[in-house]
Amino acid sequence: VVSTQSTGKQWYQRRVHGELLSHASPVKMLAYCGLLCLLGASLAAPLQDTPEVQEAKEQFHAAFDNAREGKHVALAPVNNDIQAAQIPNAYLDDIEPVVKAKADFQIAFDTAEAGGLKHMQAEPVAAFYIAKTEEVAEAEDQFMKEFMTAEKGEHVKYAPVNNDIQAPQIANSYIPYTQEVVDAADQFMTYYGEAKLKALAATPAVEAATSCCW
């Protein structure tokens, strides 16, 4: 039923449209086409620039041409501020210690400039050597001997050696194994066994808790 209704509707639309197109004259069809073409052309044509837009474009092109020609440097601001006059130099009068220090410095400077600086230097200490007596020669030989020993690595023989006599080993000593000692040992072993059993019993719980956490 649905397919029959849709087929009937399509047949009716084709018939009505066909009759409308068959009744339309070629002149009207051409007029309609021309009107549609004019409408499409008018919609596709760009809008005319307003006077404001034209003025903005002209200003932009003028500024662009000036920048391209390097004339934009004329737009840099110029500082036309009038500068104040230079403040004149002013110094405090030298007090007496300053006057004396300047005079001393000038004297020292003039002396050095005239070549008198070398006369102000202390005389160098003359080279002095002790006479190479028999004691000096013996000390030099001893020094060279020790130096050569150290250079060969044989100075390790100067390391100190511990020659102290050690005391004899202290002999082992035990208290007598009396009944009190036997009772104390038994009590200790009892406590030790109980602690060991408790530790063994708690081991599975600890392992279970550790595996659960990890």
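## Negative patch

E134, E135, E138 and D141 gather on the surface in a patch of negative charge. The model is predicted. E135 is found in helix 5. E135 counts as exposed, because its relative accessibility is 55% and the cut-off for exposed is over 50%.

Membership in such a patch requires over 30% relative accessible area and no salt bridge. E135, at 55%, clears that area cut-off.

## Nonpolar patch

A second kind of surface patch is nonpolar. F143, M144, F147 and M148 make this patch, which covers about 410 Å². M144 is found in helix 5, which spans residues 134–151. Helix 5 also holds E135, from the negative patch.

M144 has a relative accessible area of 43%, so this residue is partly exposed. E135, by contrast, counts as exposed.

## Salt bridges

How many salt bridges does the structure hold? There are five. Among them are D65 with R68, D94 with K102, and K100 with D104.

## D65 and R68

The closest N and O atoms of D65 and R68 are 3.1 Å apart. Why are the two residues separated by about one helical turn? They sit three residues apart in helix 3, residues 51–68.

Their exposure is not graded alike. D65 has a relative accessible area of 31% and is partly exposed. R68 has 62% and is exposed.

## D94 and K102

D94 pairs with K102 in a salt bridge, with 2.8 Å between the closest N and O atoms. D94 is partly exposed, at a relative accessible area of 40%. K102 is partly exposed too, at 49%. The value for K102 falls short of the exposed class, because that class needs over 50%.

## K100 and D104

Which helix holds both K100 and D104? Both lie in helix 4, residues 96–113. They are four residues apart, about one turn of the helix. Their side chains meet in a salt bridge, at 3.2 Å from N to O.

K100 counts as exposed, with 54% relative accessibility. D104 counts as partly exposed, with 40%.

Definitions and conventions. Residues numbered from 1 in each chain as written. Predicted model: local features only at pLDDT ≥ 70, side-chain atom pairs only at ≥ 80, totals over all residues. Heavy atoms only, no water. Patch = residues over 30% accessible without salt bridge, like charges linked within 9 Å, V, L, I, M, F, W, Y side chains within 5 Å. Areas by Shrake-Rupley, 256 points an atom, 1.4 Å probe, with all protein chains shown as cover. Salt bridge = Lys/Arg side-chain N within 4 Å of Asp/Glu carboxyl O. Buried < 20%, exposed > 50% of the residue type's maximum accessible area, 1.4 Å probe, protein only. Lys, Arg positive; Asp, Glu negative; His and termini not counted. Charge placed at Lys NZ, Arg CZ, Asp CG, Glu CD.
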